[in-house]
Amino acid sequence: MSLEEQIHLFSGNANLALAQEVADFLHIPLGAMEASRFPDGEIHVRCQESVRGQDVFLLQPTCPPVNENLVELLVMIDSLKRASARSITAIVPYYGYGRQDRKTKPREPITAKLVADLLTVAGANRVVAVDLHAGQIQGFFNIPFDNLTASLLFQDYFLKKKGLQEAVVVSPDIGRVPRTRILSDKLNYSLAIVEKRRMGPDRVETMGVIGDVSGKVAVLVDDMITTGKTLLSAADTIYKAGARQIIAACTHAVLCGDSVKMLADSPIAELVVTNTVPIPPEKMIDKIKVLSVAPLLGEGITRIRENRSISDLFSYGSSEQIALY
Ligand code: R5P
């Protein structure tokens, strides 16, 4: 049986360009799924081909507009389930609501868990994500969950980049150290940590740097940029601590509000991100470099479809598996 007969990949509207890239990687056409709106804004979708008895994959990051994209994903899963697909794998390259993974104050929801329940009730049999904000979100699901990582895309990129002999990998807060350490070990750079305190959704304060960044190229690593406040505040701190050049590497470029303008005016010389979230042309400033997760997702889909192990994808082509969390 050819791949075309075996793999059925559909996409919501959140990141059609990425879905097309994955389809191209797999040498398959993207499945036809029609999505429209009723006059009151309700979403209507219809799968335009038979999926009866098929294993289908549906790609949709739940990036802004988060609620629109989430509901579209849910109704698309429902339509595939009711069209008698044998299995439905939701490929959610960016898992929105991932930061609401615990109660930090009384009477708060745990929305990351609610989203897990919604996806499962809608009919997903498996979920694939890239660099979940918190690895423990996998435990909110009672179905298989593959949390792929873009770390090795960054690793490859920085290994090939010239002029990084005197470099240090910097974690923008203490919580991110275990994941930042993976990159610093792989690149054989030292590690520094910025001490951050979040005062509110868009207010961040940095206290200082632990480690030596003076005269070095600082590679600032984070999972996502939303308001950009974490990155900017960390960049200012390490700039003042004497970093020679600052490069930021973040998987999910959510880039809300005027984050791009602030990044353009910041001491960050280069911002390396992936295409889990689409970047509109007006936000695509020169200092942004986009690495594609399409081969990572395409390889993951192939292996899931063929019931082959996916664990070594966490090291993206290397023979050595990386323990991420
Ligand atoms: C925090 O725990 C995350 O890893 C990111 O640092 C944070 O979500 C980035 O958000 P913002 O760009 O709004 O500071």
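Student: Is R107 buried or exposed?
Tutor: This model is predicted: local features need pLDDT of at least 70, side-chain atom pairs count only at pLDDT 80 or more, and totals for chains, interfaces and linings use all residues. Residues are numbered from 1 along each chain as its sequence is written, and side-chain values use heavy atoms, without hydrogens or water. Buried means under 20% relative accessible area, exposed over 50%, and partly exposed in between (1.4 Å probe, protein chains only). The relative accessible area of R107 is 78%, so R107 is exposed.

Student: Where is R107 in the chain?
Tutor: Helices (H or I, at least four residues) and strands (E, at least two) are DSSP runs, numbered from the N terminus. R107 is not a glycine, yet its phi is positive, near 65°. Its place is the loop between β5 and α4 (111–122).

Student: What is the phi of S84?
Tutor: Most residues other than glycine have a negative phi. S84 sits in the loop between α3 and β5 (87–92). With 29% relative accessibility, S84 is partly exposed. S84 is not a glycine, but its phi is positive, about 70°.

Student: Which residue does a cis peptide bond join to P64?
Tutor: Most peptide bonds are trans. Here omega is about -5°, and the bond is cis. The partner is found in the loop between β4 and α3 (66–82). That partner of P64 is P65.

Student: What is the strand order in the open sheet of five strands?
Tutor: Two strands pair if DSSP finds at least two bridges between them. In this sheet the pairing is parallel. β1 (8–11) and β7 (145–148) each have a single partner strand, so they stand at the edges. The order is β1-β4-β5-β6-β7.

Student: What does the twist average from one strand to the next?
Tutor: The sheet is open and has five strands. From one strand to the next, its twist averages 20°.

Student: Which residue in β4 stands opposite S11?
Tutor: β1 and strand β4 (residues 55–59) run parallel and are joined by four bridges. Along this pair, H8 stands opposite V56. S11 stands opposite L59.

Student: Which residues of β1 are buried on its two sides?
Tutor: Both faces of the strand are covered. One side has H8 and F10, and the other has L9 and S11.

Student: At what angle does α2 run to β1?
Tutor: Axes are lines fitted to C-alpha atoms, for helices over the stretch in contact (heavy atoms within 4.5 Å), and angles run from 0 to 180 degrees between N-to-C directions. Helix α2 (residues 16–26) lies across β1 and β4. Its angle to β1 is about 165°.

Student: How far apart are the end C-alpha atoms of α9?
Tutor: The expected span of a helix is 1.5 Å times one less than its number of residues. Helix α9 (residues 294–305) has twelve residues, so it should span 16 Å. The end C-alpha atoms agree with this, at 16 Å.

Student: How many residues of α9 are buried?
Tutor: The buried residues include L296, L297, I301 and I304. The helix is largely enclosed by the rest of the structure, because the buried count among its twelve residues is ten.

Student: What area is buried between domain 1 and domain 2?
Tutor: An automatic or database domain assignment sets the bounds, giving domain 1 (3–149 + 294–314) and domain 2 (151–291). Their centres, taken over C-alpha atoms, are 28 Å apart, and the contact takes 18 residues from domain 1 and 15 residues from domain 2. Buried area is the accessible area (1.4 Å probe) that two parts lose on being put together, summed over both. Carbon and sulfur atoms give 51% of the total, which is about 1400 Å².

Student: Which residue of β13 is the bridge partner of A249?
Tutor: Six of the seven residues of strand β13 (residues 268–274) are buried, so the strand is largely enclosed by the rest of the structure. Four bridges join it to strand β12 (residues 245–253), and the two run parallel. The partner of A249 is V272.

Student: Leaving aside neighbours within four places in sequence, which residues is M207 in contact with?
Tutor: M207 lies in strand β10 (residues 203–210). Its relative accessible area is 40%, so M207 is partly exposed. With those neighbours left aside, its contacts are E195 and R197.
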